[in-house]
Every structure is written in structure tokens, then in C-alpha cells.
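Charged side chains and buried nonpolar side chains are two useful places to begin when reading a protein model. The report below takes them in that order.

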Amino acid sequence: MSHVVTIEEPQAKPDVSQPRCGVKSGAWGHVSSSRMYDFLYDPLFILSSEKDHKQADVQATMIRSKLRKVPRFRAMFSNLIHYPRYSVYWSKADPVPAFVRREWKGQEEKHREALQQLATTDTSFQMPKEVYEDPEVTGRNRYKYFERPFLPFLEQMPLNVVFETTKIEAYTFPPASPDYPPSPSKCTVGTQTAYRDAEVQTDPYSPEYVVCQDSIPELLTLATLTWGRGLPAGQAEVEMIERAREKRAWEATLPPLSDTAQFEKRRRMMNVMERKEWAFREQEIEKLQEIRLEVLKQLLKKRDENQNEVNTKHLNAQWSKLQEAKEAKLAQIQRAHVSAIRKLMGKGKNIEGKLERRNIIKDYSDYASQVYGPLSRLGRFPDNNSEDFVVKNLYLNTYEGLVELESCLPDFVTQPRIRPPKPKVTTTKAGFLKRVARMDHELAEVHKVLLEKKNKVLEPKKPPRFLQRKLIPQPRLPTPTLEMGSNEEEDIEMAVIYLQKLLRGRVVQNMMFEGKEKRLELIQELRTSHALQEDDRLVKKAEKQVTLALQRQRNLHEHKVSLVENHLAGLEGRVLADMFDFLSKELVRLQEERRIHAFAMLAERQRRMREAEESGRRQVEQRRLREEDQIFKEVLKVHQSTVTSYLEDIILNTEENTAEEQARAEIEKSNSAPVRGDCRRVGL
């Protein structure tokens with residue numbers, strides 16, 4: 001039965017992840033160099049004593065989190081403390097299977113060492129034979145026992161040989177059988193093993209070969225080609241192979257060295273070939289130099305680009321820094337301006353400084369009052385925890401959701417269809433131009449002419465380069481006069497002159513009449529301002545009074561309208577000022593919140609980095625302590641074995657000396673016995 005414990009959800013919790021890929025993560029993100037149960041699974045993981053084995057087992061048990069979250073469906077979306085959204089219970093499940101042994105592996109080694117010591121002391125005891133697994137040298141473990149052979153005796157030959165192309169015969173399809181094809185008895189299935197493929201062979205396999213006697217296959221010249229160094233063969237390798245073939249053909253045409261008569265011919269042929277080889281080498285060197293020069297140019301170009309990019313980044317950073325300072329300064333000035341305007345408005349509302357009681361009806365009737373939209377500077381935050389009500393839509397916040405949403409839209413949304421406009425028909429069915437088209441054409445021509453006249457610039461007269469002669473006009477001839485001989489002719493002349501005066505006067509009169517008709521309005525305006533008669537003056541005065549009354553009435557109406565508009569503008573300004581004040585403070589609060597969140601993330605990241613460094617130092621310290629313990633144990637073993645061998649040598653030397661002394665004493669006793677018998681016989 002699992003124990004269920006109700007725990008309040010914390011505000012911030014660390015990221016707890018399961019260990020995988022050889023990395024062990026603790027409750028707070030600690031990083032370990034080994035997995036939790038390597039001392040049980042890994043056959044190469046060695047612990048020095050049973051104490052270390054128990055300590056590793058305890059650490060694995062403590063690191064593995066046994067707390068499991070179980071959601072409560074009735075209060076799954078609750079944020080209340082007394083209605084938690086989940087419960088936590090203690091899991092008793094063991095990740096280690098039951099068939100895995102948890103004992104220390106050193107017990108088997110101790111048992112084996114005791115049996116070996118017993119077999120050395122007691123000859124009647126038979127040591128059980130150890131059964132080893134088949135290493136499968138020629139099977140799946142072949143890569144562990146074989147490597148590519150190292151042949152130092154092979155000469156470094158140029159890459160001038162290619163494999164011969166194999167002739168592929170045409171494939172003949174078998175006759176189609178009416179029955180179903182037989183199912184294969186074997187199939188290849190991919191499996192996942194517990195071994196790493198770090199040392200698996202990745203180069204193509206080169207089989208062994210046997211060369212027949214008195215034969216040099218052309219294929220052996222490719223022995224120096226390896227995968228990645230000449231293989232697969234490219235254009236350069238093919239050219240080298242062709243040159244090698246030509247050289248071998250040329251060597252076959254050389255006269256033999258035994259023929260002294262053609263020695264001079266052989267020398268000339270070799271000189272020619274040597275010149276060709278030197279020319280080819282010079283070409284290769286030039287190509288190599290060109291390639292290196294091109295690479296150097298690319299590197300220099302890349303370096304310049306990187307330097308330009310760095311300079312651009314520096315300039316952008318400096319510009320953004322100055323821009324931020326400018327925006328901060330403008331924001332500060334704007335805040336000071338808003339504060340000053342607010343103070344002036346407050347003073348303008350109560351100039352005399354009288355105390356006014358709160359009008360509750362006015363506050364609740366005005367939707368811009370503190371009841372409906374309180375100011376945050378007064379300590380009221382109506383939008384607290386507003387991020388809880390932010391709608392997080394999968395289709396708008398993720399790329400996959402946008403792709404899915406786009407796939408649901410019809411084609412005419414993502415691929416708009418644009419219809420070209422139809423040309424205007426300017427001709428009738430009979431083939432004549434329409435009146436509208438003709439008018440448009442005429443207007444376009446007139447507009448063009450007007451533009452030409454408008455944009456036409458008068459060329460100034462050039463000053464004369466040289467002195468020019470100015471012609472003086474000739475004087476007019478005098479008017480001829482008619483000399484009259486009698487009075488009748490004089491009377492006729494006087495009548496004609498009078499008639500001419502009348503005609504000229506009539507012309508001037510007509511001109512005056514036309515000018516009067518053209519400027520009749522101006523004359524009337526002058527009469528209104530400079531009336532000469534009394535009646536006209538009285539009429540104009542009455543009209544003036546009526547006009548002034550109308551003007552006063554209109555001014556009064558305009559004054560009333562301006563007062564209403566000013567009042568409305570003041571109300572709108574106050575509402576807008578409150579709204580802008582709220583928005584500006586909300587923006588400042590949001591910026592501060594984001595800045596604090598960024599600081600918190602940076603602090604969390606620095607804390608995790610420090611914890612990782614501390615865990616690394618702790619692991620290094622533990623590894624060093626384990627190494628020192630192992631070194632101390634090895635030193636103690638060496639000292640113990642030295643003392644044991646020293647005591648064994650002393651005991652053996654003592655036993656040999658004692659045996660030698662006893663043997664000498666017995667020999668002396670055995671030699672002295674017959675001497676005494678002879679003496680007794682002589683005495684008798």
C-alpha cells in the first residue's frame with residue numbers, strides 16, 4: 001500500500017529529469033560521471049571493498065527520487081492552498097530487477113583466492129575447473145582481435161593505379177511460376193545491444209591475397225591506396241594511373257642494359273623522359289601554388305568579412321546603447337512633464353485652496369473616476385496577476401500550430417487570385433471614337449501645352465560682345481496744312497473739326513459707361529461708406545445696427561459653443577491623461593517585471609553553474625580519495641608480501657642451518673664410534 005501525502009505546490013521547483021546516456025542527475029541538477037547502478041550492471045566497474053559497494057548502493061538509493069505526483073481530477077486546475085491540484089506518494093517500486101545480484105562482486109574473487117591457497121597447501125584437494133565463454137574470435141568479436149596489418153616494407157608508390165573494371169554479364173530473369181514464391185527460411189532483423197560501437201571497423205575490409213610466382217599484378221600497385229587517401233579514386237588518381245601505365249609501357253620499350261651498342265639511345269630516351277617529368281612536376285607545383293593562393297585569398301576575404309562583422313556588431317551595440325540612453329532620457333522627461341501637468345491641473349481645480357468633501361454620486365457616475373480606474377500610484381493594482389488570464393493558444397505560440405492552422409485555411413487565403421483590370425473601350429461598334437475619349441484626349445493635350453508654357457524658361461538676352469551702332473529714327477514729316485482761299489471752305493473745315501470733337505467725346509463717354517458698369521460694386525461700396533444724403537445715411541445706420549446685433553448674437557452663440565467644447569475637451573483630456581498614465585505605468589511595470597525575470601534567470605543559471613562546478617570538484621575529490629585509498633591498500637599489500645617473503649626466507653635459512661648442524665653432529669657421532677672400538681681392541 002503506497003502512502004499518499006498532500007503537499008502544496010511550490011512557487012519555483014527545479015527541473016528533475018531521469019538519468020540517461022551515462023549521466024546521472026540529482027534532485028537539484030547535479031552531474032555525475034557515472035550512472036546510478038553501474039556497480040551492479042557494468043562488469044568493468046570495480047569497487048575496492050564491500051564498504052564502498054554499500055556506500056554506492058546507498059547513494060543510488062538516495063539520489064533516485066521515489067516521490068511521484070498523482071493529479072486530482074476534481075481540483076486539477078485549482079490554485080488554492082486547501083485544494084491542491086495533485087498529491088505526492090512514496091513509490092516502493094525498485095528499478096533494479098530481482099534477478100540482478102546486489103552482493104559485492106569481490107566475494108567471488110575472495111572465494112576463488114581461498115580455493116587456490118587451499119589447493120597449493122593440500123595436494124589432495126582438486127581445484128574446480130573454470131569454464132570460459134567462447135570468445136568468438138572469428139565471429140561477432142572479430143574486430144576485437146584483428147586490425148589492419150602494418151606493412152613497413154612496402155614502398156611508398158605514387159597513386160597511379162586504378163582497379164580494373166569488372167565485366168557484368170546480363171541478368172536473365174527466371175521464368176515466372178504460377179505458384180506463389182517460397183517464403184525465405186531466414187531473415188535479417190536489427191537488434192540493439194549493450195555494447196558500444198566505438199571500435200567497430202568502419203573502413204572497407206581488405207582480404208588476404210597470394211601472388212603467383214613470376215607475376216606482378218597491376219592491382220598490387222594500389223596497395224598504398226586506402227579509404228580516404230586515394231579511394232574512392234578521383235580524376236587526379238585516374239591521371240596518375242594513366243601516367244604510370246605510360247611509364248611502364250615506355251620502360252618496356254627501353255633497350256636493355258646488356259646491349260652496349262644502344263646505350264646512347266637509352267640515355268637520350270631517359271633524358272627526354274626526365275625533361276617531361278620535370279615539366280609535369282613544374283605544372284603540378286604551379287597548380288598547387290595557385291590553389292594555395294586561392295585558399296589564402298579566401299582566408300583573407302573571410303578574415304575581412306569577420307572583421308567587418310565584428311565592427312558592425314560593435315557599432316550596432318554602441319548605437320543601441322546610445323538609443324537606449326536616449327529613450328530613457330526621453331521617458332524621464334515625459335514622466336516629469338506628465339507629473340508637472342498633473343500638478344498644474346490639480347492646482348487649477350482648487351485655486352482658492354478650499355477643502356471639498358467627497359461627492360460619491362459624482363464618483364460613481366463618472367467612469368473615469370478612481371472608483372472604476374484607480375491609479376497605481378495610490379496603492380491600488382487592479383490588474384494584479386493578470387498573466388493568469390493570458391490565453392496561450394497552441395496554434396499561435398508554436399510553429400507546428402501555425403503550420404497546422406495554415407493547412408486548414410482555404411487556397412484563396414494563402415494564394416490570392418489577382419484579376420487584371422479590363423482595358424477601357426474607347427471606340428464604338430462602328431469604329432468611331434467616343435465623345436468621352438475625345439474629350440480626355442483634348443484635355444490631355446491642353447494640359448501638356450499648359451505645362452510646357454509653365455515650365456518654359458525665358459532665355460536671357462546675351463550681352464553684346466562688341467560695340468554695335470544704334471540707329472537714330474528719322475524725324476516725322478510735318479503735318480500738311482491746307483490753305484483756304486474763301487470763308488466757305490473755312491466754315492466747312494470748322495464743321496469737320498467740330499464733328500471730330502463730338503465723335504471723340506462720344507467715344508470717351510462710351511468708355512466711361514463701360515468702366516462704370518464694370519466697377520458698379522465698387523461704386524456701391526463707396527456710396528455705403530461715403531453717403532452724401534441724409535436719408536441714405538439713416539438707412540445705412542439702421543443697416544449697421546442690424547448687422548452689429550447679428551454679430552453680437554453670433555459671437556454670443558460662438559462663445560457658448562466654445563465653452564461647451566472646452567468643457568468636453570477638458571473631460572476628454574482628463575480621461576486620456578488618466579488612461580495614458582495607466583498605460584505608461586503598466587509599461588514601466590511590465591519592463592521592470594521582465595528585467596527582474598531576466599535577473600532571476602541569470603541568477604538561477606549562475607547558481608546551477610556553481611553547483612555543477614562544486615559537484616565536479618566534489619567528484620574529483622572523491623576520485624582522488626578513492627585513488628589514495630587504493631594506493632594505500634596496494635602499498636600495504638606490498639609491505640605485507642615483503643614481510644611475508646622476508647619471514648619465509650628467515651625460516652627457510654634457519655631450517656637449513658639447523659638441519660645442517662644436526663647432520664654434522666650425527667656424522668661426527670657415527671665416525672667416532674668405530675675409532676673407540678679399535679682403541680678398545682688395542683688395549684686388550
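What follows describes salt bridges first and then a nonpolar core.

## Salt bridges

The structure is a predicted model, and a search of the whole of it finds 19 salt bridges. Three of the pairs are set out in the table, each with the separation of the closest N and O atoms and the relative accessible area of both partners.

| Pair | Closest N and O atoms | Relative accessible area |
|---|---|---|
| Glu-264 and Arg-267 | 2.0 Å | Glu-264 38%, Arg-267 38% |
| Lys-313 and Glu-309 | 3.8 Å | Lys-313 52%, Glu-309 42% |
| Arg-589 and Glu-593 | 3.3 Å | Arg-589 29%, Glu-593 36% |

The pair formed by Glu-264 and Arg-267 lies in helix H6, which covers residues 263-349, and the two residues are three positions apart, about one turn of the helix. Glu-264 is partly exposed, and Arg-267 likewise counts as partly exposed.

Helix H6 also holds Lys-313 and Glu-309, which are four residues apart and therefore separated by about one helical turn. Their salt bridge has its closest N and O atoms 3.8 Å apart, a value that falls within the 4 Å cut-off for such a contact. Lys-313 counts as exposed because its relative accessibility of 52% is over the 50% limit, whereas Glu-309, at 42%, is partly exposed.

The third pair belongs to helix H14 (residues 534-683), where Arg-589 and Glu-593 are four residues apart and so are separated by about one helical turn. Both ends of this salt bridge are partly exposed, Arg-589 with a relative accessibility of 29% and Glu-593 with one of 36%.

Beyond these pairs, which residues are linked in a network of salt bridges? The network joins four side chains, namely Glu-604, Arg-607, Arg-608 and Glu-611.

## Nonpolar core

Turning from charged to nonpolar side chains, the largest nonpolar core has ten residues, among them the aromatic residues Tyr-37, Phe-39 and Trp-104. The other members of this core are Met-36, Leu-40, Leu-47, Ala-56, Ala-60, Val-96 and Val-100. Two elements give two or more residues to the core, helix H1 (38-41) and helix H2 (50-63). Membership requires a residue to be buried, with its side-chain atoms within 4.5 Å of another member's, so the ten residues named here are buried ones, in contrast to Lys-313, which counts as exposed.

Definitions and conventions
Residues are numbered from 1 along each chain as its sequence is written. This is a predicted model: local features need pLDDT of at least 70, side-chain atom pairs count only at pLDDT 80 or more; totals for chains, interfaces and linings use all residues. Side-chain values use heavy atoms; hydrogens and water are left out. Buried means under 20% relative accessible area, exposed over 50%, partly exposed in between (1.4 Å probe, protein chains only).
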